[in-house]
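Trainee: I am new to this structure and would be grateful for a close look at a single part of it. Please explain each term as it arises.

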Amino acid sequence: MTAITLSGVKKRYLKNPVVHGVDVTIESGEFVVILGPSGCGKSTLLRMIAGLEDITEGTIAIGDTVVNKLEPRERGCAMVFQNYALYPHMSVAQNIGYALKVAGMPRAQRDAKVMSVAKSVGLDPYLTRKPGELSGGQRQRVAMARAMVREPKVFLFDEPFSNLDAKLRVAMRAEVRNLHRSLGVTSVFVTHDQTEAMTLADRLIIMNQGIVEQVGKPSEVYHRPASLFVADFIGSPAMNLIKGQFDAIGNFLHGRGGMLHLPGAASIAAGRDVTLGVRPEAVRRVEAGTRGAIAAVVDYIEELGAARLVYADTDGNRIVLVDERTDALGTGMPIHFTLGENDLHLFDNADGKRIEMRADHRVPSLLNA
Amino acid sequence: MERRAFYQNPVLPWLLLAPQLLLVLVFFYWPTSQALFWAFTLEQPWGGGNTWAGFNNFLYIFGDGRYWATVARSAFYAIAVSAISMCLALTLAMFVDRALKGTRMFQSVFVWPYAIAAPAAGVAFRFIFAPEAGLIGAVNEMWPGIWNPATNGFHALGMVIVCHAWLGIGYNFIFFLAALQMLPKSLSEAGAMDGARPYRRMLDIQLPLIAPTVFFLLIMNLISSFTDSFGLIDVMTEGGPINATEVMVYKLYVDGFKGLDYSGAAAQSIVLMLLVIALTFVQFRWVEKRVHYN
């Protein structure tokens, strides 16, 4: 079993910094997903673990060994590439068995091993075909089989599903999950698809512009985003983020004269520029006159089938809510909503970091002043 | 659907083609037809009248042991030149493709030899290989008489082969580098993850995938070795010592222009031409079919 320890890992291309110092420990047997928008340095980080990129600064250890100076072959990692990177001139069997051939394993033993791995991913009828004669999903399986056959200490996945159609992607997700459950090998998976990340990960590493924004379980990241970036990036539709200021007595002032009364937050946020976040699914639509109800005007509606997304304007700020009612609703109509006190997130505008509201900061009910 | 331009005026396309056609006719088909004619007749050394000879000119050269020795020497020359030139060019291209430091500079530097005229290179290499003073001649200081291309046929042939191979490196390098850079980088990385060292990756992954280019270059190099060696040999050895560097193209020059045997030389040039046509045919026939990747 193998843990991966990254300490102070930095990457610069010439003078351009792309990874600014990452400190993360990936536990042995854990499935970790690195999630971030394109260009955030997530693939670079993965490739540094693999040994395909030099590490400019800091150390990466796989198990107890610092691998900075080791060649990819000495690190015991197997990688599934984004475009699969199958050898086009080799058959499926040769593709899967290449690592064993390079390692000098005898022919008979190699063939048996290739056969058993191919069987486990359902490739045994295609062993003699060339990659060009396979479908996208089959190529994906060859790439996985090629990684599995080496019995690596670490699996690395670099956006492996980005070339598959949506349905196949869901199926492959389940397969990867099962694979990990049965082999229990430490896995690092890079993706920009948050659904993929949330469903696969034991833990998420969320990166933005070369910085780790948050490390945590999917539910933690969802329910307690550590920064504005994470709050905005995770969740679909995205979290409502409303910029404003707190006055001395805990009134949150926003937009054109909007005001929310959060007396409990006064002690931690008084006088600061903050952003208030609330997930669309936590915004509850209520009848006019309900205690704490906030008024808004509907901009437009997106019908999703099971529910609808209502985009509304409240005192000059956009608020999105998931509405399960089916009453007639149209542009320009007034609606009312309340915010659950446990669903509010506060972020400091200066550094984008979360402001933690302890239990005693929370008020039993929220009043719209 | 393919879009083709066409001309309403039936004369205009011919006018546009005329300059090129004229060049090809005057400088290629006319001399070729002349050579073909001479090959089947007996020409008088000083011109004026000829006799139909049928295949006698060919029968004569094919019955000549010295001609066959030249053919064998040419074959060895062509294979050696192509092998040395391509191997070195491939090695250089591999290094440049791995994006080592100074890659951009080497990309252009390695091509320079191709721009040097063969006789000029020949003169330069004569100095380099001169037994009395050249760079290689220094070995004679340690072991006197060990190197002398002026008297030793193997030395002379080796010297010309090295020079010809050197001239071809730039051309081969460009093609190899272009082919290597067409390959997705991730293939090589996948090879590295699978545990293969750079040399192993070259043999197992890169080389099979650039096979069409290798094949194309092999044919081009063979053709060039058969036909372009004249300038070098004329400047460096003049076919000597004792015919040790006399290849097909040089023998036909000597027989024709020195020996004034126009008919024999013409027959030899037809044989050489057929050889080149055969190689070109092989090239067109197979090179397209051996593309692995899409």
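Mentor: The following account concerns one pair of helices. This is a predicted model, in which local features need pLDDT of at least 70 and side-chain atom pairs count only at pLDDT 80 or more, while totals for chains, interfaces and linings use all residues. Residues are numbered from 1 along each chain as its sequence is written, and chains are lettered from A and ligands numbered from 1 in the order in which they are written.

The pair consists of helix 7 (residues 153-182) and helix 10 (residues 211-227), both of chain B. Helices here are DSSP runs of H or I with at least four residues, numbered from the N terminus. The two pack at an angle of about 160 degrees, and their axes are 11 Å apart; axes are lines fitted to C-alpha atoms over the stretch in contact, and angles run from 0 to 180 degrees between N-to-C directions. Helix 7 and helix 10 of chain B are therefore roughly antiparallel, a term for angles over 145 degrees. Their crossing is right-handed, that is, the near helix is turned clockwise from the far one by less than a right angle.

On helix 7 of chain B, the contact is made by His164(B), Gly168(B), Asn172(B), Phe175(B), Phe176(B) and Ala179(B). Helix 10 of chain B contributes Thr213(B), Leu217(B), Asn221(B), Ser224(B) and Ser225(B). Contact requires C-beta atoms, placed from the backbone, within 7 Å. These residues divide into four nonpolar, seven polar and no charged, where Ala, Val, Leu, Ile, Met, Phe, Trp, Tyr, Cys and Pro count as nonpolar, Asp, Glu, Lys and Arg as charged, and the others, Gly among them, as polar.

Elsewhere, in chain A, Gly330(A) lies in the loop between strand 18 (317-323) and strand 19 (334-339), strands being DSSP runs of E with at least two residues. Gly330(A) and Ser28(A) are 302 residues apart in sequence and 53 Å apart in space, C-alpha to C-alpha.

Note on methods. Parallel < 35°, antiparallel > 145°, perpendicular 65-115°, else oblique. Contact = placed C-beta atoms within 7 Å.
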